[in-house]
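Visitor: I would like a close look at a single part of this protein, taken slowly and with its surroundings. Here is what I have in front of me.

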Amino acid sequence: MRKPTIKDVAEKAGVSVGLVSMVLNNKKGVNKETAEKVMKVVKAMKYTPNKTASALRAGYNKTIGVITPDLANHYFSDISRHIENIAFDNGYTVLFGSSDDRPDKIGKLIEIFYANGVKGILLSPCDECTAEIKRALRLGMSIVMMNRDPLENNNTGHVLLDNEKAVRMGLVHLLDNGYRHIEMISNNIMLSTLKMRENSYLAAIAELGLQDTAKINFADERKPDELDSILKGISERGVDAIMVPRGYLALHVANSIKRIGLHIPDDIALIGFDGGETYKIVTPTITQLVQNTRKTAEISYNMLYEMMHGGQAGYVLIEPELVIGESTRRKY
């Protein structure tokens, strides 16, 4: 059976479409008897107003978009859940999409969001999607970039961890616990967050007077033999602590340390980033540098809301937090 339209209601009630719209939206200027007659027809026909169409006709849609690399990733799923709750409390709904760090997917999602009347996007971009971001801006969309900062653009908002402070906080923690030869294991990929943390590691190590032993090792966790070989070399060099700038990579490093017969932290200490609850249930538990996902969601949403209503884009650094696990237990 065909779903009834507002035109059907108007014809049945013997009034204009505009008058039906006024009744449904509680507008003034309709007498009580006519309004009651219209509502009686609405109920009898089980008519449901098309909220999306109404919003689009009015030139707005109370829906925002969220694009993250992978909604299955605990960090992005957690922050997305917070954004959804905050948006709901403010009368907005959210469309979600995962990009897999692919510019073509980000571009397609932007097109879909725009076609559905979305005026603002919270985006964790990849480093190669500058063209897609600029296209969204040309379409009049407001964008706040979360956790990553691939380009300097005064027309986009930025909310991300203070990576420089986080890296220094982690290194100082290791030094305070007696570790002196600290290397890093990272992924050799174009990702602004990793580059920030790698550069911050080299700068902080130099400031702390440990530049002679500083080294960044690049690994592919999909190749266990390669990772094991890197860990064996690290052990032979007398490294006593490893910093890993990417959440799940630290878990692979921990497994590799165990595979080559070493122990955490007795042989090598380990510190990671944003490992969430997973870091707290593995053995040993892993020390991590984290950003408050609820706070990140609130700041990002509020910034986007202000931008969609004529406000200026902002740049906010989230204070890091150190969550201490067993993997960096005091050496002596």
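In what sense do strand S3 (residues 120-123) and S4 pair, and over how many bridges? Please stay with S4 and work outwards from there.

Guide: The model is a predicted one, and what follows should be read with that in mind. Strands S3 and S4 pair in the parallel sense, and four bridges lie between them. One of the residue pairs involved is Ile-121, whose bridge partner in S4 is Ile-143. The connection from one strand to the other belongs to the same picture, for S3, helix H7 (residues 130-138) and S4 make a right-handed β-α-β unit.

S4 itself covers residues 142-146 and is mostly covered, with five of its five residues buried. On one side these are Ser-142, Val-144 and Met-146, and on the other Ile-143 and Met-145, so that both faces of the strand are covered, given that buried means under 20% relative accessible area. Ile-143, the residue that partners Ile-121, therefore sits on a face that is covered, as buried is taken to mean under 20% relative accessible area.

S4 is also joined to S5 by three bridges, and these two strands run parallel. Here the bridge partner of Met-145 is His-158 in S5. S5 in turn pairs with S11 in the parallel sense over four bridges, and in that pairing Val-159 stands opposite Val-316 in S11.

Taken together, these pairings belong to an open sheet of six strands in the order S2-S1-S3-S4-S5-S11, with parallel pairing. Its edges are strand S2 (93-98) and strand S11 (315-318), each of which pairs on one side only. Neighbouring strands of this sheet are turned against each other by 15 degrees on average, with direction ignored.

A biochemist may also ask about cysteines, and by the distance rule applied here the count comes to zero disulfides. Cys-126 is in no disulfide, and the nearest cysteine sulfur, that of Cys-129, is 3.7 Å away. Because a disulfide needs the two sulfur atoms within 2.5 Å, that separation of 3.7 Å is too far for a bond. Both residues are nevertheless buried, Cys-126 with a relative accessible area of 1% and Cys-129 with a relative accessible area of 0%.

From S5 the path leads to helix H9 (residues 192-207), whose buried residues pack against strand S5 (157-161), H8, strand S6 (182-186), strand S7 (216-218) and strand S9 (269-273). H9 has 16 residues and reaches 22 Å from its first C-alpha to its last, close to the 22 Å expected at 1.5 Å a residue. Among its buried residues are Leu-194, Arg-197, Glu-198 and Tyr-201. Glu-198 is buried with a relative accessible area of 4%, and, not counting residues up to four places away in sequence, Glu-198 touches Met-184, Ser-186, Asn-187, Ile-216 and Phe-218. The C-alpha atoms of Glu-198 and Cys-129 are separated by 21 Å, the two residues being 69 residues apart along the chain. Just after H9, Gly-209 takes a positive phi of about 80 degrees.

H8, one of the elements that H9 packs against, covers residues 163-176 and contains His-173. His-173 is buried, with a relative accessible area of 9%. Leaving aside neighbours within four places in sequence, His-173 is in contact with Ile-271, Thr-287, Leu-322, Ile-324 and Thr-328.

Methods: Residues are numbered from 1 along each chain as its sequence is written. This is a predicted model: local features need pLDDT of at least 70, side-chain atom pairs count only at pLDDT 80 or more; totals for chains, interfaces and linings use all residues. Side-chain values use heavy atoms; hydrogens and water are left out. Buried means under 20% relative accessible area, exposed over 50%, partly exposed in between (1.4 Å probe, protein chains only). Contact means heavy atoms within 4.5 Å. The expected span of a helix is 1.5 Å times one less than its number of residues. Two strands pair if DSSP finds at least two bridges between them. A crossover is right-handed if, with the strands pointing away from the viewer, the path from the first strand over the helix to the second runs clockwise. Axes are lines fitted to C-alpha atoms, for helices over the stretch in contact, and angles run from 0 to 180 degrees between N-to-C directions.
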